[in-house]
Amino acid sequence: MIEKHVLHAHREHFGQDGQVYAAPARVNLIGEHTDYTGGLVMPMAIGFQTVAAVSPRQDGRAVFYSMNFDEEIAFEIASQGVSPSGHWSDYPAGVLWCLGQAGVVVSGFNMTLGGDVPLGAGLSSSASVEVATAMALLKHAGATLPLAEIATLCRRAENEYVGAKSGIMDQFVVAGGVVERAMLLDCRSLDYELLPLPSAVKVVICNSMVKHAHADGEYGDRRDEVESGQAVVVQERPGVAMLRDATVADLDACRDKMSEASFLRCRHIVTENARVLEAREALLEGDMKHFGVLMEKAHVSFRDDFQASCAEIDTLVEIASRQPECFGARITGGGFGGCTVNVVRAADAERFVETLRREYEAATGIVADCFVCEASDGALAMLTHRGAQ
Ligand code: ADP
Ligand code: MG
């Protein structure tokens, strides 16, 4: 049990008993690069966890200890400013800072952070550590916040304190996910719907182990291309306040007013929003074949219109698509490497992983990391279930 492990480490490190709060990791099933134009995404929380153990101290200091880095940092809460250092502690310190901005008064504390979420693998250990920290500090301060505010606050920590551009999806599903459910999230209104995932399927995440060196720059370029395309449609088409409101016909109508790159990126997003809605129907009907077809279409659109895939990822998707036990496979995450997500028949998941790893290694010489996952509780549901025990 990770919680026991972290409690034990907290006692060893600080000589105090702590209270523990956990947050999972996440994967996005469909809806890629749609979040920052107010669009639709469909992620789920997965069983990896970050655990935060917290206990009070009397001197007004914040002390964070990470088991993953075996390192401690400490500072005066009252004199905290926005001073990111590129260090892991920016993530929990950013949450503390945002809580202060939201008017939550946090007194001195010791916190131990630990868990089994692979760091930097695209499963959002960053949102996991942010949400676990927020849950622990809220309880420590005797405060509560609703889901949307916890997610928004943690996103601010990542955007404004850490300085990483990201949408709201990760923090929202990490806080609000529910076991055996995917989450359809409207990134504009923050309305969401929990949708049933059949127990006969597992979700396999496969890390290509490739992150192309130009990824950060290209990611920024894609965002710029999308945003400049969006600005054109918003100006030209009545009723379009964000790309989210546009149809392919709207885009076609202003194609000559934007760069070809912007047109293609925006077309990916507009068609992707429609695919997410269709994927919702598929889940409500329990039709995983249809769901898989939509994943494949999403990948083609990401590859050809968004142009943010890469050879290794395409190889993984091609191998997966050939396997009879696989309903659908696509890239997940920002692009230019990272992970694929595969929906497979539960009974054949292990065989699927074996084949995928073997054929990927034969094709590329790279040994992939694969995780067989199912939809798990987010931080709030975990807390409720624990309280009920
Ligand atoms: P991802 O979110 O895909 O895992 P990121 O680069 O966004 O990758 O976030 C990873 C970073 O989050 C780590 O390098 C570290 O700074 C921070 N982090 C995540 N989990 C922990 C933890 N348990 N302890 C300390 N820092 C953590
Ligand atoms: Mg991250």
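Reader: What makes the packing of α2 and α3 oblique?

Author: In this predicted model, helix α2 (residues 90–101) and helix α3 (residues 125–140) pack at an angle of about 45°, their axes lying 9 Å apart. Axes are lines fitted to C-alpha atoms, for helices over the stretch in contact, with angles running from 0 to 180 degrees between N-to-C directions. Angles under 35 degrees count as roughly parallel, over 145 as roughly antiparallel, 65 to 115 as roughly perpendicular and the rest as oblique; α2 and α3 are therefore oblique to each other.

Reader: Which residues of α2 and α3 make the contact?

Author: Tyr91, Pro92, Val95, Leu96 and Leu99 of α2 meet Ser126, Val129, Glu130, Thr133, Ala134 and Leu137 of α3, where contact requires C-beta atoms, placed from the backbone, within 7 Å.

Reader: What makes β6 and β7 a pair?

Author: Two strands pair if DSSP finds at least two bridges between them, and β6 (residues 181–186) and β7 (residues 192–196) have 5 bridges, in the antiparallel sense. Helices (H or I, at least four residues) and strands (E, at least two) are DSSP runs, numbered from the N terminus. One of the bridges joins Met183 to Leu194 of β7. The two strands, β6 and β7, form a hairpin with 5 residues between them, and Leu190 in the turn has a positive phi of about 65°.

Author: Residues are numbered from 1 along each chain as its sequence is written, while chains are lettered from A and ligands numbered from 1 in the order in which they are written. Local features need pLDDT of at least 70, side-chain atom pairs count only at pLDDT 80 or more, and totals for chains, interfaces and linings use all residues.

Terms used. Two residues are in contact if their C-beta atoms, placed from the backbone, lie within 7 Å.
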